[in-house]
Amino acid sequence: MPELPEVETVRRSLERLLVGQTIAGIEVGSFAGVLGAVDPALVSAALEGRTITRLRRRGKFLFVDLDDGAGLEIHLRMTGHLEVANRDAPPLRFEHLTIRFASGYDLRFADQRKFGRVIFHAGDPEVELKTRLGPEPLLPAFTSEYLAGVLARRTAPIKSLLLDQRIVAGIGNIYADEALFLARLHPGRPGGSISAPEVRSLHRAIRRVLRSAIQYRGTTFSSYRDGTGQSGENQHRLNVYGRGRREEPCTRCSRPLAFLVIGQRTSHYCPNCQRL
DNA sequence: ACACTGCCCTGCGAGC
DNA sequence: TGCTCGCAGGGCAGTG
């Protein structure tokens with residue numbers, strides 16, 4: 001389940017391989033919806049001859065910048081996967097889009113569940129996403145004061161608010177649970193009930209959890225791999241995610257962890273360390 | 001403005 | 001053994 005650290009790891013793994021590559025053409029598989037509602041022929045015509053100048057990440061989105069100012073917006077959702085492969089290599093399982101380069105290499109996009117998208121934008125893709133995305137949690141604009149401001153007077157559970165990409169970009173179910181555990185906050189706490197010191201603690205926990213996960217190249221829970229097919233290592237460092245259902249012991253107090261459903265998402269937490 | 005629900009999609013594991 | 005069923009969840013549209 002790619003969240004910010006996984007998308008950042010993919011970006012880093014692909015950057016050197018993709019920048020400077022010139023697109024010779026694209027091939028769309030049986031699932032044309034991978035390109036959104038856009039006509040594949042138009043996308044193909046727009047991409048042909050363009051050279052990739054940069055790979056950027058914003059929240060869980062990956063942007064591929066092209067030399068004419070256009071770009072691709074890529075979202076992996078749950079099971080999306082990007083990989084660079086030799087032209088002659090066999091197709092990936094669930095491969096929906098192949099971008100062929102003049103060099104003889106391909107960028108392949110595969111997605112078992114067809115949730116992921118590769119959207120072409122004639123201009124900067126980030127501009128269209130601006131209103132839908134909050135600040136980058138690892139950049140200076142994401143301050144404790146900002147977080148306190150957007151949580152104030154909110155009645156929704158903090159877990160749901162952390163998953164809202166307009167509040168802060170890039171946090172998904174895994175890192176929301178991990179950050180709340182580090183900050184010792186119950187996932188069901190109303191956003192507005194969180195005190196100033198608690199917000200500071202949460203702010204610190206979010207940054208720590210994300211930084212550490214990037215360092216360990218993301219969490220491979222089921223299918224996640226980086227752009228070279230390599231698994232992450234952060235799954236061995238999780239405190240709560242995936243452990244509550246099995247009532248595994250808390251890494252801090254050794255009491256059994258628990259899980260509950262908040263906003264239709266499972267939340268793993270320690271009932272002893274994270275009290276309402 | 002905010003809170004919340006349902007939809008998309010399919011491999012996999014649990015249970016019968 | 002073989003089947004069915006429900007779960008996993010990010011983003012967005014839609015409702016109240």
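This is a short exchange about a predicted model, its contacts with DNA strand C and its largest cavity.

Local features in this predicted model need pLDDT of at least 70, side-chain atom pairs count only at pLDDT 80 or more, and totals for chains, interfaces and linings use all residues. Residues are numbered from 1 along each chain as written, chains are lettered from A and ligands numbered from 1 in written order, and side-chain values use heavy atoms, without hydrogens and water.

User: What makes a residue count as near DNA strand C, and how many do?
Analyst: One of its heavy atoms must lie within 4 Å of the strand. 14 residues surround DNA strand C, the closest being Met 78, Arg 113, Arg 132, Tyr 241 and Arg 245. Sugar and phosphate make up 60% of the strand's atoms within 4 Å of the protein.

User: Why is the pair between Arg 132 and a phosphate oxygen of DNA strand C called a polar contact?
Analyst: A polar contact is a pair of N or O atoms within 3.5 Å (within protein, one must be able to donate a hydrogen and the other to accept it, and residues adjacent in sequence count only if both atoms are side-chain atoms). The phosphate oxygen is 2.5 Å from a side-chain N or O atom of Arg 132, so the pair qualifies.

User: Which side chain has an N or O atom 2.8 Å from a base nitrogen of DNA strand C?
Analyst: That of Arg 77.

User: What is the volume of the largest cavity, and which residues line the cavity?
Analyst: The volume is about 30 Å³. The lining residues include Pro 2, Met 78, His 81 and Tyr 224.

Technical notes:
1 Å grid on protein atoms, 1.4 Å probe; cavity = no way out; pocket = protein on both sides within 12 Å on 5 of 7 lines; lining within 4 Å. Points joined across faces, edges and corners; volume = space filled by probe spheres on them.
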